[in-house]
Amino acid sequence: NDEREQTLNQLLVEMDGFEANEGIIIIAATNRPDVLDPALLRPGRFDRQVVVPRPDIDGRVKILAVHMKKVPLAPDVDPRVIARGTPGFSGADLANLVNEAALLAARRGKRLVAMKEFEDAKDKVMMGTERRSMVMTEDEKRMTAYHEAGHAIVAIHEPASDPIHKATIIPRGRALGMVMRLPERDNYSYHRDKMHANLAVSMGGRVAEELVFGYDKVSSGASGDIQYATSLARDMVTQWGMSDDLGPLQYEEKQDGYLGYGYSQRSAMSDETAKKIDAEIRKLVEGGYAKATALLKKHRKQLNLLAEALLEFETLSGDEIKQLLETGKFERDGSKTVQPKDIPTVGTAIPKAGRGKRTSVGGTSPQGA
């Protein structure tokens, strides 16, 4: 519009005008460099451009140290451990994490903020606030437990999948339950084997429901998983050249919309090519579904064991899940050994009410992932 052009022209004149302005330095920052006018980026205007990415693990340790100075810390708090468990967090995310931990400590009447508060704050920031007041029937809890156990079992037996951080059937945010996966280190590229692993993991919940409760009792709880898998498969085919039939070509262009909301636009192509793209997307998703089915049929006993443990304890850490599947029991609080009750025969579970949207985090992104 005219007003914006006038402002831009005045700024350009002041930056590179007719008279030399000695001793003046202009510094600017933006999180949308893609929408800047090219005139601003020409040589002589802003001579240096510094890209500031999200911090790596060392950067997160230093950022946490800055924010932790404002709160009284318990002796067991280790910033590096927290930094390892927060890949992809920005400086604002880390500041929010420390603030949430301090609030939790205050609510619990503690004088010092301990590692327990930081872990709980991390779960709240990454997975959403617990909704313990939400009333769920026993059938819904059982179906949720098997859904999340399905995700977890497939993730454990997929070598390329990220390790499980936590599994829960306590409603958080808009989800009835979730399995959170965290990468072991900061990742800067996305490999084909991990893409196929994430497709299989995302299908694990729906497959588990079908195996345990039957074809007619599959719920709408996998809507978020299906959305994620379809989006991932579409990017694999149209953006990253992961289809052998269509080759390493780009078939869709990412467009940036108003206020950062982007959308994809297919480039000019024949109807035959568009049909091939749709067929390849379906082939990838169904391949993940088939792999999840094979894994869950093979490890059906582990599926039942983990689902029963989730029904009894509601939330399990990644280490507890690993120990449970290896030994049939796990230790909690460093000393107490717990073991799920004998697994009853699973009958048909029919949800008595409509299902809410449920997603499994870790294939999701903030990764989310």
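In helix α5 of this predicted model, glutamate 119 and lysine 122 lie 3 residues apart, so that about one helical turn separates them. Their side chains meet in a salt bridge, with a distance of 3.5 Å from N to O. The two partners are covered to unequal degrees: glutamate 119 is partly exposed, at a relative accessible area of 25%, whereas lysine 122 is buried, at 5%.

A second pair occurs in helix α5, which spans residues 115–127. Here the side chains of aspartate 120 and lysine 116 form a salt bridge, again with 3.5 Å between N and O. These residues are 4 positions apart in the helix, and therefore about one helical turn separates aspartate 120 from lysine 116. Aspartate 120 has a relative accessible area of 18% and is classed as buried, because the limit for that class is under 20%. Lysine 116, with a relative accessible area of 49%, is partly exposed, because only values over 50% count as exposed. Both residues also belong to a network of salt bridges that links Arg108, Lys110, Lys116, Glu117 and Asp120.

A third salt bridge involving helix α5 joins the side chains of aspartate 123 and lysine 166, at 2.3 Å from N to O. This pair connects distant parts of the chain, since aspartate 123 lies in helix α5 and lysine 166 in strand β1, with their positions 43 residues apart. Both partners fall under the 20% limit and so count as buried: aspartate 123 has a relative accessible area of 3%, and lysine 166 has one of 14%. In general, side chains of opposite charge can pair when their charged atoms come close. The model contains 12 salt bridges by the rule applied.

The protein chain as a whole comprises 11 helices and 7 strands. Of its 369 residues, 42% are buried. The chain exposes about 21,400 Å², and carbon and sulfur atoms supply 51% of this area.

Nonpolar side chains tend to be buried together in soluble globular proteins. In the present model, the largest nonpolar core consists of 49 residues, and those with the most contacts inside it are Leu303, Leu306, Leu310 and Leu316. At least two residues of this core come from each of α6 (138–157), β1 (164–168), α7 (192–213), α8 (223–238), α9 (271–298), α10 (300–313) and α11 (318–327). The largest share, 9 residues, is supplied by α7. Apart from this core lies another, of 26 residues, which includes Met68, Ala74, Ile82 and Ala101.

The surroundings of leucine 310 illustrate the contacts made by a core residue. When residues up to four places away in sequence are not counted, leucine 310 touches Ala145, Glu148, Ala149, Ala167, Thr168, Ile169 and Leu316. Among these, Leu316 is itself one of the residues with the most contacts inside the largest core.

Towards the start of the numbering, leucine 12 is located in helix α1, which covers residues 2–15. Its relative accessibility is 11%, and leucine 12 therefore counts as buried, the limit being under 20%. The C-alpha atom of leucine 12 is separated by 7.7 Å from that of arginine 45, although the two residues are 33 residues apart along the chain.

Conventions
Residues numbered from 1 in each chain as written. Predicted model: local features only at pLDDT ≥ 70, side-chain atom pairs only at ≥ 80, totals over all residues. Heavy atoms only, no water. Buried < 20%, exposed > 50% of the residue type's maximum accessible area, 1.4 Å probe, protein only. Areas by Shrake-Rupley, 256 points an atom, 1.4 Å probe, with all protein chains shown as cover. Core = buried A, V, L, I, M, F, W, Y, C linked by side-chain atoms within 4.5 Å. Contact = heavy atoms within 4.5 Å. Salt bridge = Lys/Arg side-chain N within 4 Å of Asp/Glu carboxyl O.
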